Amino acid sequence: MSRVTRTKHGRPVHHWRRDLVELAALFTAVAVADGVANLIGHGPDGPALLVISAVVLAATAGFHTWWARHHGHAPPAEDTGARSAAEVRSAGPAQDPDASAPDTAGASVLWRMRTTVRDEPGSLAALCTALAGRRVDILSLQTHPLTEGTVDEFLLRAPAALTATELTRTVSLAGGASTWTERADAHDLVDAPTRVLALAARTALDTAELPLALRQLLGRCTIRSLPATPFGGGRGPEPVPAEGVLEDTVMRLRAPEGGVLTVERPYLPFTPAEFARARALVELDSRLGPRIPGGHDVLTLPEGADITVRRVDTGDLTAAGAMHERCSQRTLGLRYHGPAGDTDRYLNHLLSPRFGRTLAAQTASGRIVGLGHLLWDGDETEVALLVEDAWQRRGIGAELLGRLVTMAVEAGCESVYAVTQASNTGMVAAMRGLGLPLDYQIEEGTLVVTARLDTAAVAARASHEGRAERLGEAARRD
């Protein structure tokens, strides 16, 4: 009986040549057996021949068994690809010769992409089909209707080997126009409604969060708040209507405290949906009015005195003005780079949470002896310090600066800069004490020190724990 040696499409395959050989072997064996029987029965050496035949038969059976184990069940090398579907599934894709090569270690990257498509049936389907052809996974999609066409904003997961240029070309061939791409991160995985609600909650807790919330809502943009009455007097900005103005890459909104809030994003025009979201966020901030979070920290100076560090605003204008009156002209000159004749104007702006955050160091009696400012300057961030003369060189300035830098990191700032003079050794020492990479520039006799925050050293300052122990060291540096 013939043997099944391999399968094809799940069915056994029999070979007629092997059946013919086995049939011929059977007839030969019968003939040999008949001849041996006649020889043994009629010849004088019959018993000896019988023994020899048994030995030969045993040897033949042993050889057949060895041959079958080593060759009988092994499929031919040229047929290894002819496996059943069940075998392919059990072996896995790595053993399937028809399977395509996987991506390098399965690596993928996140992209934010925005493109404009025609407002007609099938345009979005064609775009999605083209992305699927490049093995790009669409994680989320937002549509921004326009008067002509629709702006589609995608969050994509694409193979790491796919470049931004190739992605843009794929979208263009599928009908997309004015395509913009940018690398994304895990924070972009949050859906748009959840992100907007979180930004609204942050803004409701702190007035100073409005510029940061707008920047996170709209991406990389420049935000400037122009007061209705400039510090130096003169004419203020042109007023804007209550509903605001949208002009392609610039939106102008009525600032909560008066004046104009300008948001500019030159690389990407704003859509009406983005304009409506920004306007709603500014309206929420305006209705809630100025506010700062409460809370304070009590620290012990090296000599044993206690100071309290807390957020302040324009409600502390009187106490901050009294501190300025106790400061020497030299101290005020180093802080304001010249005579500070109109202190009220300076302080009203500096203490306003609309323009940044201010920390104050005060004694147990409530007297303010130090001020630290974190000011939003367009798309940059400035830090500034002022410590009363009698309280200098005790580490207060370094403590305030460290906390301001921590706030800047939490706000997503890439750097902070301080404008001072080379003779202001206390401020220079405090910047060096941050342990961050510093850049120095001298502009018309003014020293600008910029600290880059995108380093591992910033994480060490993310917690306020242990700051009291650093006061003594900071005082020695000062």
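## Buried charges, two cores and a few odd phi angles

Arg265 counts as buried, since its relative accessibility comes to 1%. That value, like everything below, is read from a predicted model. Arg265 pairs with Glu274 in a salt bridge, with 2.9 Å from N to O, and both belong to a wider network of salt bridges. From there, the tour moves on to the nonpolar cores, two helices and some residues with positive phi.

**Salt bridges**

- The total for the structure is 20 salt bridges.
- Glu274, the partner of Arg265, has a relative accessible area of 5%, so this residue is buried as well.
- The network that takes in Arg265 and Glu274 also links Arg112, Arg114, Glu153, Glu182 and Arg220.
- Another pair to look up is Arg357 with Glu209, where the closest N and O atoms sit 2.3 Å apart. This one ties together distant parts of the chain: Arg357 belongs to strand β13 and Glu209 to helix α7 (residues 209–218), with their positions 148 residues apart. Both Arg357 and Glu209 are buried.
- For a pair with partly exposed partners, try Arg252 and Glu247, whose closest N and O atoms are 3.9 Å apart. Arg252 has 23% relative accessibility, which lands it in the partly exposed class because buried means under 20%. Glu247 is partly exposed too, because its 44% falls short of the over 50% needed for exposed.
- As background, side chains of opposite charge can pair when their charged atoms come close.

**Nonpolar cores**

- The largest nonpolar core counts 37 residues, and the ones with the most contacts inside it are Leu374, Val383, Ile396, Leu401, Val416 and Met431.
- Strands and helices both feed this core: β12 (306–312), β13 (356–362), β14 (368–377), β15 (380–387), α12 (396–410), β16 (415–420), α13 (425–432) and β18 (446–452) each give two or more residues. Helix α12 supplies the largest share, 7 residues.
- Leaving aside residues up to four places away in sequence, Ile396 touches Leu301, Ile307, Ala361, Val369, Val387 and Trp391.
- A separate core of 19 residues lies apart from that one, and its members include Leu217, Ile223, Ala255 and Leu281.
- The general backdrop is that in soluble globular proteins, nonpolar side chains tend to be buried together.

**Cysteines**

- The disulfide count is 0.
- Cys221 is buried, given its 6% relative accessibility, and Cys327 is buried on the strength of 7%.

**Helix α6**

- Helix α6 (residues 192–205) has the length you'd expect: at 1.5 Å a residue its 14 residues should span 20 Å, and the end C-alpha atoms are indeed 20 Å apart.
- Ala192, Leu199, Ala200 and Thr203 are its buried residues to look for. They share one side of α6, because their arc around the axis is only 105 degrees.
- Those buried residues pack against β4 (137–145), α7 and α8 (272–288).
- Turn to the face pointing away from the buried side and you'll find Leu197 and Leu205, both exposed.

**Helix α4**

- In α4 (residues 123–133), Ser123, Leu127 and Leu131 are buried. An arc of only 75 degrees around the axis places them on the same side of the helix.
- Their packing partners are β3 (108–117), β4, β5 (150–159) and α5 (164–173), so β4 shows up here as well as in the packing of α6.
- On the other side of α4, Thr129 and Gly133 are exposed.
- Just after α4 comes Arg135, with a positive phi near 60 degrees.

**Positive phi outside glycine**

- Most residues other than glycine have a negative phi, which makes the next two worth a click.
- Ser178 has a positive phi near 50 degrees and sits in strand β6 (residues 177–183). At 64% relative accessibility, Ser178 is exposed.
- Arg393 has a positive phi near 60 degrees and falls in the loop between β15 and α12. Arg393 is exposed, with a relative accessible area of 54%.

Notes: Residues numbered from 1 in each chain as written. Predicted model: local features only at pLDDT ≥ 70, side-chain atom pairs only at ≥ 80, totals over all residues. Heavy atoms only, no water. Core = buried A, V, L, I, M, F, W, Y, C linked by side-chain atoms within 4.5 Å. Buried < 20%, exposed > 50% of the residue type's maximum accessible area, 1.4 Å probe, protein only. Helix = DSSP H or I, 4+ residues; strand = E, 2+ residues; numbered from the N terminus. Contact = heavy atoms within 4.5 Å. Salt bridge = Lys/Arg side-chain N within 4 Å of Asp/Glu carboxyl O. Disulfide = S-S within 2.5 Å. Expected span 1.5 Å × (residues − 1). Arc of directions from axis to C-beta.
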